[in-house]
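Trainee: I would like to learn how the labels on a model are earned. Could we go through some of them together, one step at a time?

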Amino acid sequence: MAKLKDLAKMEDRLVAGHGMCLGCGIPLIFKVVLRATEDPLVIANATGCLEVCTTIFPRTAWNVTWVHSAFENAASTIAGVEAMYKALKRRGKIPKDKTIKFLGTGGDGGTYDIGLQALSGTMERGHDVVYLCYDNNAYANTGGQRSSATPLGASATTSPAGTQSPGKLQWRKDLTKILTAHNIPYVAQASPTRWQDLYNKAKKAFEVEGPAFLNVLCLCPTEWKYEESKGVELAKIAVDTCVWPLYEVENGKYKLNYKPKEKKSILEWIKPQGRFRHLFREEYAWVLEEFQKKVDEEWEELQRLSSL
Amino acid sequence: MKKETWKELTIGTINLEAGNSVQNLTGTWRSGHKPEFIEEHCIQCFFCWLYCPHFAILVEGDEVKGIDYDYCTGCGMCAEECPSKEKSIVMVKEEVKLAEGGTE
């Protein structure tokens, strides 16, 4: 089992001086994930908070080879790099015993929405890459537009709450399930505040032969509108309310990694966040009910799948 | 900083200086509050290191040694998550000063 002390001794592959917000959740994820492999790493990054904040020209916060091409094609970009690596290995230009790992990454905008077809193609073609989605539930880099990962009832700039609307009207898309349907060797959902679980999942993802996908909940004080110092607690609540269950699917077999001792009410998740503030008005009580009902249904289904 | 023209820039604006963002001192964003490290209370759990978004926890060998104020933005997650019986990181008031900026 890895210890934090040992992880801290490893070299930072993402370094200080990046421009991410106070209390941002992205560095918490990458701090752990980038330590889950000791092999050289190539990263392709979709447009988004991480890309913009780490590479403000003429500087970069990356200590590894890193490439950005466009919003929609981080997965295709990393697939191309991986294909080239294989070709060069075949021709003897890269020594046979040298291993390089490949990571594609994007936020929920660049993964759930804009990059979905590129991601689907990469997974279907079976490239030996890992794709990590840091899901902060909105297009935070451009000011908080709704994405298909935005939860029901959240106020976003393109689904604002007011007298006529309770914010976003649709339930979020279940991307982890979509990726599971690609029948790839490894799919997992994780949270940065259960770092041991995240570390193990990232390690598995890098080690597995063929494509792997990680969906990680990402704190966003700017768009979720909570006090930034309370972020870690909030991410724990997301897991304990089963809003963001931790599970993995290895070769089609579901496994639940964490079962809360006592499943908390979604109100604990919703109350601290300003984006849900309007839901406590009388006329929007149905949204809270619907939210709880949906979470319960998904949790039941997940338990059923992991008991098969 | 002198601006380079297209003649000097690398093709494709490739940045060959890995990790040169350390020149951006994000500590200049801090306003009002900063964390203070109290070594004798510290149980060396490394949670502050784990939960610091701006890589501002100083580690030497096996031990957390303090806070790097060049990068600390004062978000307070380290103090909030510090689990020692008596907190080893507390947020204290800091006199607001004008940013000094990078060292260029």
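Trainee: Why is the pair Lys86(A) and Glu82(A) called a salt bridge?

Mentor: Keep in mind that this is a predicted model. The closest N and O atoms of Lys86(A) and Glu82(A) are 2.9 Å apart. The cut-off is a Lys or Arg side-chain nitrogen within 4 Å of a carboxyl oxygen of Asp or Glu, so a pair like this one qualifies.

Trainee: What separates Lys86(A) and Glu82(A) along the helix?

Mentor: Both sit in helix α4 (residues 74-90) of chain A, and because they are four residues apart, about one helical turn lies between them. Here is the general background: an α-helix has 3.6 residues a turn, so residues three or four places apart point the same way.

Trainee: How do you know whether Glu82(A) is buried or exposed?

Mentor: Glu82(A) has 3% relative accessibility. Buried means under 20%, so Glu82(A) counts as buried. Its partner Lys86(A) is at 42%. Exposed would need over 50%, so Lys86(A) is called partly exposed.

Trainee: What makes Arg35(A) and Asp12(A) a salt bridge?

Mentor: Try the test again: their side chains meet at 2.9 Å, N to O. With a limit of 4 Å, the pair passes. This bridge links distant parts of the chain, 23 residues apart. Arg35(A) lies in the loop between α2 (26-33) and β1 (41-45) of chain A, while Asp12(A) lies in the loop between α1 (4-9) and α2 of chain A.

Trainee: Which burial labels do Arg35(A) and Asp12(A) get, and why?

Mentor: Arg35(A) has a relative accessible area of 4%, under the 20% limit, so the label is buried. Asp12(A) comes to 24%, which falls between 20% and 50%, so the label is partly exposed.

Trainee: Arg35(A) follows α2 of chain A in that loop. What makes α2(A) mostly covered?

Mentor: Eight of its eight residues are buried. Among them are Ile26(A), Phe30(A), Lys31(A) and Val33(A).

Trainee: Why does the pair Glu81(B) and Lys236(A) count as a salt bridge?

Mentor: Their closest N and O atoms are 3.8 Å apart, and that is within 4 Å, so the pair counts. This pair crosses between chains, from helix α2 (residues 77-81) of chain B to helix α10 (residues 231-240) of chain A. Glu81(B), at 12% relative accessibility, is buried. Lys236(A), at 31%, is partly exposed.

Trainee: Which residues do shared partners join into one network?

Mentor: Lys204(A), Glu248(A) and Glu250(A) are joined by salt bridges that share partners. Over all chains the count comes to 17 salt bridges.

Trainee: How do you know that Asp108(A) has no salt bridge?

Mentor: Look for the nearest side chain of opposite charge: Lys168(A), 8.2 Å away. The limit is 4 Å, so Asp108(A) goes without a salt bridge, although this residue is buried.

Trainee: What does the side chain of Asp108(A) reach, then?

Mentor: The side chain reaches the backbone nitrogen of Asn137(A) at 3.4 Å. The cut-off for a polar contact is 3.5 Å, so that distance falls inside it. Asp108(A) is found in helix α5 (residues 108-113) of chain A. Leaving out residues up to four places away in sequence, the residues touched by Asp108(A) include Cys133(A), Tyr134(A), Ser147(A) and Ala149(A).

Trainee: What is chain A made of, and why is it called compact?

Mentor: Chain A has twelve helices and eight strands. Its radius of gyration is 19 Å, close to the 19 Å that the globule rule gives for 308 residues, so chain A is as compact as a globular protein of that length. Buried residues make up 58% of those 308 residues.

Trainee: And what makes chain B more spread out than a compact globule?

Mentor: Chain B has two helices and four strands, in the order β-α-β-β-α-β from the N terminus. Its radius of gyration is 17 Å, well over the 13 Å from the globule rule for 104 residues, so chain B is more spread out than a compact globule. Its C-alpha trace spans about 60 × 30 × 20 Å along the principal axes. Of the residues in chain B, 40% are buried.

Methods. Residues are numbered from 1 along each chain as its sequence is written. Chains are lettered from A and ligands numbered from 1 in the order in which they are written. This is a predicted model: local features need pLDDT of at least 70, side-chain atom pairs count only at pLDDT 80 or more; totals for chains, interfaces and linings use all residues. Side-chain values use heavy atoms; hydrogens and water are left out. Buried means under 20% relative accessible area, exposed over 50%, partly exposed in between (1.4 Å probe, protein chains only). Lys and Arg count as positive and Asp and Glu as negative; His and the chain ends are not counted. A polar contact is a pair of N or O atoms within 3.5 Å; within protein, one must be able to donate a hydrogen and the other to accept it, and residues adjacent in sequence count only if both atoms are side-chain atoms. Contact means heavy atoms within 4.5 Å. The radius of gyration is taken over C-alpha atoms; the globule rule is 2.2 Å times the number of residues to the power 0.38.
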